[in-house]
Amino acid sequence: MSSSAGVSGVVPTHCPYCALQCGMGLRGDGERVEVVAREGFGVNKGALCGKGQSAPALLRRGVRLTEPLVRDAGSGELVPAGWDDALGLIAERLGGVRDVYGADALGVFGGGGLTNEKAYSLGKFARVVLGTSQIDYNGRFCMSSAAAAGRKAFGVDRGLPFPLEDIPKTGCVILVGSNLAETMPPALRYFSELRANGGTLIVVDPRRTKTAEQADLHLAPRPGTDLALALGMLHLVVTQGHTDEGFIRERTSGWEGARAAVMAHWPELVERITGVPVPQLRQAVEMFCAPEHAMVLTARGPEQQAKGTDTVGAWINLCLATGRAGRPLSGYGCLTGQGNGQGGREHGQKADQLPGYRDLTDPAARAHVAEVWGVDPESLPGPGRSAYELLDALGGDIKALLLMASNPVVSAPRAAHVEERLRSLEFLAVADVVLSETAALADVVLPVTQWAEETGTLTNLEGRVLLRRQAVTAPEGVRSDLQVVSELAARLGVEKGFPAEPEEVFEELRRASAGGAADYSGITYRRLVEEDGVFWPCPEGAGDGAVSGGGIASEGAPHPGTPRLFLDRFATPDGRARFAEVTHRPAAEETDAEYPVVLTTGRVLAQYQSGAQTRRVPELNAAAPGPFVQLHPRLAERIGVVEGELVTVVSRRGRAVAPARITSTIRADTVFMPFHWAGEGRANTLTNPALDPTSRMPEFKVCAVRLEAAGSV
């Protein structure tokens with residue numbers, strides 16, 4: 001257990017925000033809750049960003065919901081209601097829609113912040129109780145391209161195939177499209193330690209961010225050209241003789257096709273596409289190939305594109321061709337974003353998935369999960385729509401929606417259209433901690449427990465399963481998401497199979513995941529407390545002395561978990577990693593005379609995701625009070641704006657207005673907007689919902705816009 005476990009009155013738990021899942025202790029209850037450092041938890045060693053430090057502010061009564069709300073038919077306003085009435089109305093309306101239109105007229109939308117237990121129960125509820133195929137979650141908007149590329153290449157998707165502690169020990173890291181100095185600040189120490197140990201850091205980002213300032217080399221490509229950049233670097237690897245032919249021959253497949261595709265991307269062409277000078281390309285290749293060990297880590301920059309899967313595949317190719325995968329201190333990894341972004345995509349709330357990261361179309365997977373659930377495999381619906389496609393179908397094929405822990409009015413692409421679709425529903429029910437912009441549109445809003453008020457597991461970006469423990473008492477009138485699912489199931493005729501106790505749900509999840517890619521069957525709550533987390537896969541009863549990717553289980557002992565994947569073989573049928581045969585293609589929407597500038601979006605230090613939580617914390621709002629448009633001085637001069645003046649940004653989908661923030665740290669052909677706010681500064685009003693053909697990821701990171709001066713603030 002952590003060092004703070006023995007401190008009187010301190011409950012060891014984890015931060016409610018990003019995928020680091022930093023350890024923290026909480027002391028107190030009610031309106032007075034204090035954060036205590038957990039220096040013994042290795043991921044963050046006691047360090048927290050401002051969001052983690054101020055997280056108890058979300059527990060205050062004036063901040064969060066404490067009673068159900070139902071829309072009054074007369075006034076049209078949301079008014080307080082009792083739980084029985086609210087749940088009864090939801091069950092009645094969902095059941096009525098199903099009776100009239102069929103099960104697929106019901107939609108379910110989950111979130112990457114839900115615990116593993118909640119995500120598992122929500123997926124089971126959709127398929128067993130409602131009988132609908134129409135379920136997906138907001139994590140589709142975050143890591144889906146990296147997940148798809150990882151599964152293609154390695155046979156399994158786990159954000160990092162190694163623990164964070166390996167990063168300072170490698171020789172070079174290429175960090176693509178991540179500003180972790182602001183999005184997950186405690187992680188920055190791993191890269192500082194890398195450089196202190198003599199390693200090098202290359203950052204790829206169109207802006208010179210706080211993270212890029214820490215780099216030995218900063219590459220600033222035009223947004224949407226990361227694929228060309230990766231292909232150009234691999235071209236140089238081939239022509240300069242840096243390929244590891246032995247590794248390619250013994251541990252990979254598909255190299256000939258990938259190599260042929262790469263050779264069409266010579267350095268001068270790549271410079272014309274990306275804007276990255278050839279000398280910088282050569283320098284990056286030399287830095288990456290010189291040490292014995294190296295890593296490539298991607299985040300939303302290259303992933304949130306309509307070619308995100310191919311882009312990540314190209315960066316994986318760079319690792320495979322140089323033998324920097326499946327070996328200690330080397331490999332490709334994805335910096336998962338949301339708090340349970342990893343676990344949330346493993347246990348059934350995705351449109352095409354069953355628990356244990358099983359494929360919903362696989363007959364064996366359906367049979368296994370159906371047996372655990374006590375249903376006929378034939379009764380399980382097939383794959384449904386992906387997140388944006390589901391939201392786009394609201395009010396059309398989908399008549400009613402149950403939404404948990406998501407705020408698509410702010411976070412979805414083409415957000416004004418999504419808001420319109422939500423308003424067109426016959427019925428919308430939302431379970432959330434606060435009255436988000438999406439909850440404000442609902443017919444019924446259910447107040448649910450949050451991080452410190454409940455126990456449950458989450459899986460961080462390393463694949464480390466953690467137990468987040470209840471530290472405070474929830475206010476009267478608040479129930480857990482598991483209780484909501486359990487009580488709705490009973491009202492809809494399924495009285496058994498949906499327990500409200502998280503450990504009981506986890507025990508069933510263990511059985512459902514057994515034998516799957518994300519096998520949790522050897523993990524228990526007791527182990528999570530005693531070991532401060534266990535890396536999956538961790539099968540039950542594996543204590544036969546077998547080696548499993550970095551952990552050797554002594555005979556008779558439980559499986560130790562798998563901190564490091566692929567050291568012996570990759571998780572493909574033949575044990576070989578697969579190269580991706582990919583070529584560069586333009587963004588779904590290129591600039592033109594009418595829309596001559598590229599917009600890219602992202603996060604800032606003091607806010608998180610749609611801002612539904614952080615915008616309610618005074619300290620964080622003081623640090624980041626509202627949206628802005630970051631642009632280069634030359635672009636500002638061209639449109640005639642000065643610092644602080646309002647700028648109108650117009651795309652083919654709408655317009656947003658925010659103050660100008662002028663800086664030379666961004667490309668002159670690019671503007672940046674953070675996406676945390678609603679209203680006229682909503683960045684996602686502008687973004688393009690063009691989808692990656694494999695991952696169905698929208699193209700958040702690239703769209704064509706024009707800028708107009710809008711006057712003073």
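A residue counts as buried when its relative accessible area is under 20%, as exposed when that area is over 50%, and as partly exposed in between. Keep this in mind as you work through the exercises on this predicted model.

**Exercise 1. Find where His559 sits, and decide whether it is buried or exposed.**

Solution.
- Step 1: Locate the residue. His559 belongs to the loop that runs between β23 (551-552) and β24 (577-578).
- Step 2: Apply the cut-off. The relative accessible area of His559 is 3%, so this residue is buried.
- Step 3: Look at its surroundings. A polar atom of the His559 side chain lies 2.8 Å from the backbone nitrogen of Gly561. Pro539 is 20 residues away from His559 in sequence, yet their C-alpha atoms are 6.5 Å apart in space.

**Exercise 2. Describe the sheet that contains β8 and β9, and say which helices pack on it.**

Solution.
- Step 1: Put the strands in order. The open sheet has 5 strands, arranged β10-β9-β8-β12-β13, with parallel pairing.
- Step 2: Pick out the edges. β10 (217-219) and β13 (331-334) each pair on one side only.
- Step 3: Follow the twist, which averages 15 degrees from one strand to the next.
- Step 4: Zoom in on one pair. β8 (residues 172-176) and β9 (residues 200-204) run parallel and share 5 bridges. One of the partnerships joins Val176 to Val204 in β9.
- Step 5: Add the helices. Helix α6 (residues 188-196) touches β8, β9 and β12 (295-298), and its direction makes about 135 degrees with that of β9. Helix α11 (residues 278-289) touches β8, β9, β10 and β12, and its direction makes about 130 degrees with that of β10.

**Exercise 3. Work out how far helices α7 and α13 reach, and how many of their residues are buried.**

Solution.
- Step 1: Begin with α7 (residues 226-239). Its 14 residues reach 20 Å from the first C-alpha to the last, close to the 20 Å expected at 1.5 Å a residue.
- Step 2: Check the burial of α7. Of its 14 residues, 13 are buried, so the helix is largely enclosed by the rest of the structure.
- Step 3: Turn to α13 (residues 308-321). This helix has 14 residues and reaches 20 Å, close to the 20 Å expected. Here 14 of the 14 residues are buried.
- Step 4: See what comes after each helix. Gly241 follows α7 with a positive phi near 75 degrees, and Gly323 follows α13 with a positive phi near 70 degrees.

**Exercise 4. Examine some salt bridges and find which parts of the chain they link.**

Solution.
- Step 1: Recall the idea. Side chains of opposite charge can pair when their charged atoms come close.
- Step 2: Get the total. The whole structure holds 37 salt bridges.
- Step 3: Take Glu419 and Arg682, whose side chains meet at 3.0 Å, N to O. Glu419 lies in helix α17 (residues 415-423) and Arg682 in the loop between β29 (670-674) and β30 (688-691), so the pair ties together parts 263 residues apart in sequence. Both Glu419 and Arg682 are buried.
- Step 4: Move on to Arg615 and Glu437, also at 3.0 Å, N to O. Arg615 is in the loop between β25 (597-602) and α21 (618-623), while Glu437 is in the loop between β17 (427-432) and β18 (444-447), 178 residues apart. At 18%, Arg615 is buried; at 23%, Glu437 is partly exposed.
- Step 5: Finish with Arg706 and Glu594, at 3.8 Å, N to O. Arg706 lies in strand β32 (residues 703-711) and Glu594 in the loop between β24 and β25, so the pair ties together parts 112 residues apart in sequence.

Notes:
Residues numbered from 1 in each chain as written. Predicted model: local features only at pLDDT ≥ 70, side-chain atom pairs only at ≥ 80, totals over all residues. Heavy atoms only, no water. Helix = DSSP H or I, 4+ residues; strand = E, 2+ residues; numbered from the N terminus. Expected span 1.5 Å × (residues − 1). Buried < 20%, exposed > 50% of the residue type's maximum accessible area, 1.4 Å probe, protein only. Polar contact = N/O pair within 3.5 Å; in protein donor to acceptor, adjacent residues only side chain to side chain. Salt bridge = Lys/Arg side-chain N within 4 Å of Asp/Glu carboxyl O. Pairing = 2+ DSSP bridges. Axes fitted to C-alpha atoms, helices over the stretch in contact; angles between N-to-C directions. Contact = heavy atoms within 4.5 Å.
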